[in-house]
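Let's take a walk through this one together, stopping at a handful of side chains along the way. Have the viewer open so you can click along.

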Amino acid sequence: MGKVLSANLGYPRIGEKREWKRALEAFWAGKSSKETFLETIKTLRLSYLKKQKDLGVDLIPIGDFSLYDHVLDTAVLFGLIPDRFQTDDKEIALETYFSIARGNQDAEASEMTKWFDTNYHYIVPEISNDTKPHLTKNRLLDLFNEAKNELGIVGKPVIVGPITLLKLAKGYDSDHFDTLLDALLPLYVQVLAELQEAGAEWVQIDEPILVKAQSEEDLAAFSKGYAYIKKNVPELKLLLQTYFEAVDHYQEVTALPVDGFGFDFVAGKAENLAAIKTYGFPKDKVLAAGVVDGRNIWKTDLSATFTELQTLLSAVKDHKNLWVTPSSSLLHVPVTVSNETELDPVLKHALAFADEKLGEIVVLAKGLNESEAAIYGAVEQNRADLNALQQSVHRNNAAVQAELDQLSKELPTRPASFDLRQQVQADAFQLPPLPTTTIGSFPQTKEVRQARRNWRKGEWSDSQYDQFIKEETKKWIDIQEEIGLDVLVHGEFERNDMVEYFGEKLDGFAFTRFGWVQSYGSRCVKPPLIFGDVSWKEPMTVKESAYAQSLTNKPVKGMLTGPVTIYNWSFVRNDISQASVFNQIALALKKEVHALEEANIRMIQVDEPALREGLPLKEEKKAGYLHDAVYSFRLATTFVKNDTQIHTHMCYSEFDEIIDTIDALDTDVISIEAARSHGEIIATFEDFHYKKGIGLGVYDIHSPRIPSVAEMKSYAERALNVLDPKVVWINPDCGLKTRRTEETVPALKNMVEAAQQVRAELSHTVSR
């Protein structure tokens, strides 16, 4: 009998205290040399591998580490470089790599979008019909040898699979898919053959696209592709890894000529288990069982999971054919709970971040290899920790539960139709055509961050901090007036994060010190923990919004984060339904919207940038999620008066899939991105007649470049080919928190100038 192995699929890149982020940003800012940067990064990378080795993980991933994004790494590996960044060099320079991701003054960055249904963003590969892939440098080989030579680790290289890579790419016609796949396969073989030559035993090929719907042609491509790879690298063992859901075509997938299959037994638990029970599991193949949640931060129920693994062990027949793994890469969770010294012990003892999850995996494998008695102490402590949280007062708020019980099943509705509201609001606000605004936040400068630190440490009094926030708010109200924006915002200088800020002011949330995860590039977020029943305590935004409104005669938007985004950008309790948590948050926000309206804030933006990212990957689950999302948003917003204008914001989404839902939110204005996708999103509205207000994100704020007037004007003009000018607004594609003042002000001036030029052209057309 062999041995059940513990294996990891991917480890967080950012470091326990974001050392990776600081190294990147110092290099980008010219504060460290290329040599210093690369040496720092190498030290971090090796420390992550050593930690996994010390934790007792049998199979450690190699190549999951990235300087920016693993999809970009794979595209660069195979020379899939957008034409505007092409060079004659075979090896892609570091500066070129970062330019593809971030743009430069001469070229726009590649598009960025959500990685399946997560809050991680990947760089979308750009491929044309006549792209000729080529191997630039076998980065995986270098990383494998580094781990082997310096740490004695024979790692498990990880690479995004060829079909997922092509399916996530853009720019080529679908009838060129087979040609491009045929060009890529020999390059994959070359990479794998070199790894085999260096001593690699297993390679993990990630094909998460398999959890989405597959056509017969798709399945044929998998069959052809993996037959080719296996034929040409027959001795190397290949693990075909899926995650985020169950595979639909279990029999076809498990018939592929590879040596093992990785399945998600958290998000896809029921369906994957049912498939194995119905069809069995291939003899002499490895099952990498993703039983530890790679995307949430609660401890695994070790007792229940051990029982599930015993069932899987009986299906694979031999211990050597079972691996215990996380359900996905641990990229999506923080590094370690050990640094969280300030959490309530009841909560802390129920948490497991990346390191703790690997510890759980090692414990479960040990129990399978030895006996359940061998892990008895760990299982009993685990049970006690989880029970303590479940029985706590935080999860048993009778008032919140009574409010939920009283909700109607009917969708909440506004008191009047949009057409009537539009006229009432036009009379109330007297805005020009194509009104200009921003999404909410302005640059969080070093001074702003230092002020917040001073206040949090008690070095500043509340009054000192409030005065500082007032001064920043007034400065930016004046700047907005000078730029000529039509609708202003207070700038959100008091806010650390658009979700964390609200969580700190609501019951049912908790916060970590070092619970950071990567969102995109060096941008890290620290999701709140929704661990109890959520409830509103007191006004959260009224003071700052009312003060800003007192400084100007122009409308100032109140700024809130919506219930679905708060949910999707938090680590959320898993003991009650998603809809119940949505509605708990919505009921709290409803009280805040009412407080803003009472303070005479008549434009209120309730942002839902994460609504699309939470869309289930399975078609049959989408309708329920979207209904629950619309219900909770309308629960929070539809009670307002007709002359209160409700805005929302969404970013980096395939809107065509949810355009009916966007319409059903019944907002007065929605702002979306148009610049990062190079205006492609506008095509959605060529087929859907959208009549409500729509703000076009004509300025890509995720790049340091300052877009020209002509560039932003072109996006507006394209939109006006399909949208009524009466409903179009002009704005950036997202908040400006991460940009510098010297980038923000000229870019907004260009944006206002672009809007004014289009206005003048519209006026001229009407007058004729």
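Before we start clicking, one cut-off: a residue is called buried when its relative accessible area is under 20%, exposed when it is over 50%, and partly exposed in between. Keep in mind too that this is a predicted model.

Let's begin with charges. The structure holds 47 salt bridges, and we'll look at a few. Pull up Lys167 and Asp218: these two form a salt bridge, with their closest N and O atoms 2.7 Å apart. Lys167 sits in helix α6 (residues 162-168) and Asp218 in helix α8 (residues 216-232), so the bridge ties together parts that are 51 residues apart in sequence. How covered are the two ends? Asp218 has a relative accessible area of 12%, so it goes down as buried. Lys167, at 36% relative accessibility, counts as partly exposed.

Now jump to Asp663 and Lys692, another salt bridge, where the closest N and O atoms are 2.7 Å apart. This pair links distant parts of the chain, 29 residues apart: Asp663 belongs to helix α24 (residues 659-664), while Lys692 is in the loop between α25 (684-687) and β21 (693-699). Here the lysine is the buried partner, since Lys692 has a relative accessible area of 9%. Asp663 comes out as partly exposed, at 26% relative accessibility.

One more pair is worth a click. Arg740 and Glu743 meet through their side chains in a salt bridge, at 3.0 Å from N to O. Glu743 is buried, with a relative accessible area of 5%, whereas Arg740 is partly exposed at 47%. Elsewhere, salt bridges that share partners pull Arg395, Asp533, Arg573 and Asp575 into one network.

Some charges turn up in a patch instead. Lys31, Lys446, Arg449, Arg453 and Lys457 make up a positive surface patch. Take Lys457 from that group: you'll find it in the loop between α17 (446-456) and α18 (462-483). Its relative accessibility is 61%, so Lys457 counts as exposed.

On to the rings. How many aromatic pairs does a search of the whole structure find? The count is 25 aromatic pairs. One of them is Phe27 with Phe98, a tilted pair with 6.1 Å from centre to centre and 55 degrees between the planes. Because Phe27 is in helix α1 (residues 19-28) and Phe98 in helix α4 (residues 94-102), this contact ties together parts that lie 71 residues apart in sequence. Both rings are on residues that count as buried: Phe27 has a relative accessible area of 13%, and Phe98 has 5%.

For another geometry, try Tyr567 and Phe582. Their ring centres are 4.9 Å apart and the planes stand at 80 degrees, so this pair is edge-to-face. It links distant parts of the chain, with Tyr567 in helix α21 (residues 563-568) and Phe582 in helix α22 (residues 578-598), 15 residues apart. Phe582 is buried at 0% relative accessibility, and Tyr567 is buried too, at 15%.

Now go back to Phe27 and Phe98, as they have company. Together with Trp28, Phe37, Tyr68 and Tyr97, they form one aromatic cluster.

Next, a look at the backbone. Phe244 has a phi near 85 degrees, a positive value in a residue other than glycine. Its place is in the loop between β7 (237-241) and α9 (250-254), and Phe244 is buried, with a relative accessible area of 2%. Glu492 isn't a glycine either, and its phi is positive as well, at about 60 degrees. Look for Glu492 in the loop between β11 (488-489) and α19 (500-503). Is this charged residue buried or exposed? Glu492 is buried, with a relative accessible area of 10%.

Last stop: Ala315, in helix α11 (residues 302-316). At a relative accessible area of 19%, Ala315 is buried. Draw a line from its C-alpha atom to that of Pro704, and you span 53 Å between two residues that are 389 residues apart along the chain.

Key. Residues numbered from 1 in each chain as written. Predicted model: local features only at pLDDT ≥ 70, side-chain atom pairs only at ≥ 80, totals over all residues. Heavy atoms only, no water. Patch = residues over 30% accessible without salt bridge, like charges linked within 9 Å, V, L, I, M, F, W, Y side chains within 5 Å. Areas by Shrake-Rupley, 256 points an atom, 1.4 Å probe, with all protein chains shown as cover. Salt bridge = Lys/Arg side-chain N within 4 Å of Asp/Glu carboxyl O. Lys, Arg positive; Asp, Glu negative; His and termini not counted. Charge placed at Lys NZ, Arg CZ, Asp CG, Glu CD. Helix = DSSP H or I, 4+ residues; strand = E, 2+ residues; numbered from the N terminus. Buried < 20%, exposed > 50% of the residue type's maximum accessible area, 1.4 Å probe, protein only. Phe/Tyr/Trp six-rings, centres within 6.5 Å; stacked < 30°, edge-to-face > 60°.
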